[in-house]
Amino acid sequence: MSSDTLAKVPTASDVPEPADVPRIVPQRRYGQWTAALVVLALLGFAVNSVLRNQAFQWDVVADYFTSGSVLRGLWLTLWLTAVVMVLGFALGTLLAAFRLSANPVLRAVSWGYVWLFRSIPILVQLLLWFNIGALYPQVFGVKTVNLLSPVAVAIVGLTLHEAAYAAEVVRGGILSVDRGQIEAAQALGLSRWRRWWRIVLPQAMRSIVPPAGNMLIGTLKGTSIVSVIAVNDLLFSTQLIYHRTYQVIPLLMVATLWYAVVTTVLGIGQTYVEKYYARGTENAR
């Protein structure tokens, strides 16, 4: 075939469109664009108001943001969060195993624990533990006042509270695993430990990690409540400063910014952990 013949071969663009075929016109979304402009305008107004409001005293915020007392309070907050999450999920996993047990006594104990500690506000729990000496002045011959310091009270109260929620998170993750997976592992002759470690847990983690990450961030912010029992965390450290300097707003902004920084880092870490456990699924993106 000659080059002249190839040049005469019609292409898709040369084929005329039928006269009765309607032309597709993209829908004009004036409402969405108007709403977006309004939101951007309000956001700009809010940011400008915050930055130009002299009452925030941003120079004071910068001075105290990395001060020694604030960083020590931040370290205690992070340490307390880590300890509470580890202990809370350890106890919560045990409670979840009880709840899934065939033993009715263990199921009842687990259900009762979750019901009790989810019913009592965390502030009330902390105050009860802080005043436990009124009920039990001595434990094993040791005065309760000497046995439970404010930090110990915070660990006990927060751990028992978090364990109730962690138990439900772990139980929900285990129940999300298809029963056929466990039966297939049993058919292959895998031991109970290997079934849980190699089959159930990796699949359950896909459902456990998102709420566990939210619990971690919630626990970090929730530790601020221990300031009511004089635990020198991040919030209490800033309170000590503004009680002395009367610069309430800038010191509260210091605490706010630190909480925002840490929760942002934890949120990024949660995203990568979720992607790790979602490998091989359509959600791994």
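Here are two short exercises on the pocket and the nonpolar cores of this structure, with worked solutions.

The model is predicted, so to speak from the start: local features need pLDDT of at least 70, side-chain atom pairs count only at pLDDT 80 or more, and totals for chains, interfaces and linings use all residues. Residues are numbered from 1 along each chain, and side-chain values use heavy atoms, without hydrogens and water.**Exercise 1.** Find out which helices line the largest pocket.

*Step 1.* Start with the space itself: the largest pocket has a volume of about 900 Å³. A pocket here is an open set of points on a 1 Å grid over the protein atoms alone, where a 1.4 Å probe fits, with protein on both sides within 12 Å along at least five of seven lines; lining residues have an atom within 4 Å of a point. The volume is the space filled by probe spheres set on the points.

*Step 2.* Look at the 31 lining residues; Val-170, Ile-174, Trp-196, Val-200 and Leu-201 lie nearest the centre.

*Step 3.* Sort by element: α4 (68–99), α8 (150–175), α9 (179–187), α10 (192–222) and α12 (248–277) each give two or more residues. Helices are DSSP runs (H or I, at least four residues). The largest share, 13 residues, comes from α10.

**Exercise 2.** Work out which element gives the largest share of the largest nonpolar core.

*Step 1.* A nonpolar core joins buried Ala, Val, Leu, Ile, Met, Phe, Trp, Tyr and Cys residues through side-chain atoms within 4.5 Å; buried means under 20% relative accessible area (1.4 Å probe, protein chains only).

*Step 2.* This core has 18 residues, and Leu-251 and Trp-258 are among those that touch the most other members.

*Step 3.* α12 gives the largest share, seven residues.

Technical notes:
Buried < 20%, exposed > 50% of the residue type's maximum accessible area, 1.4 Å probe, protein only.
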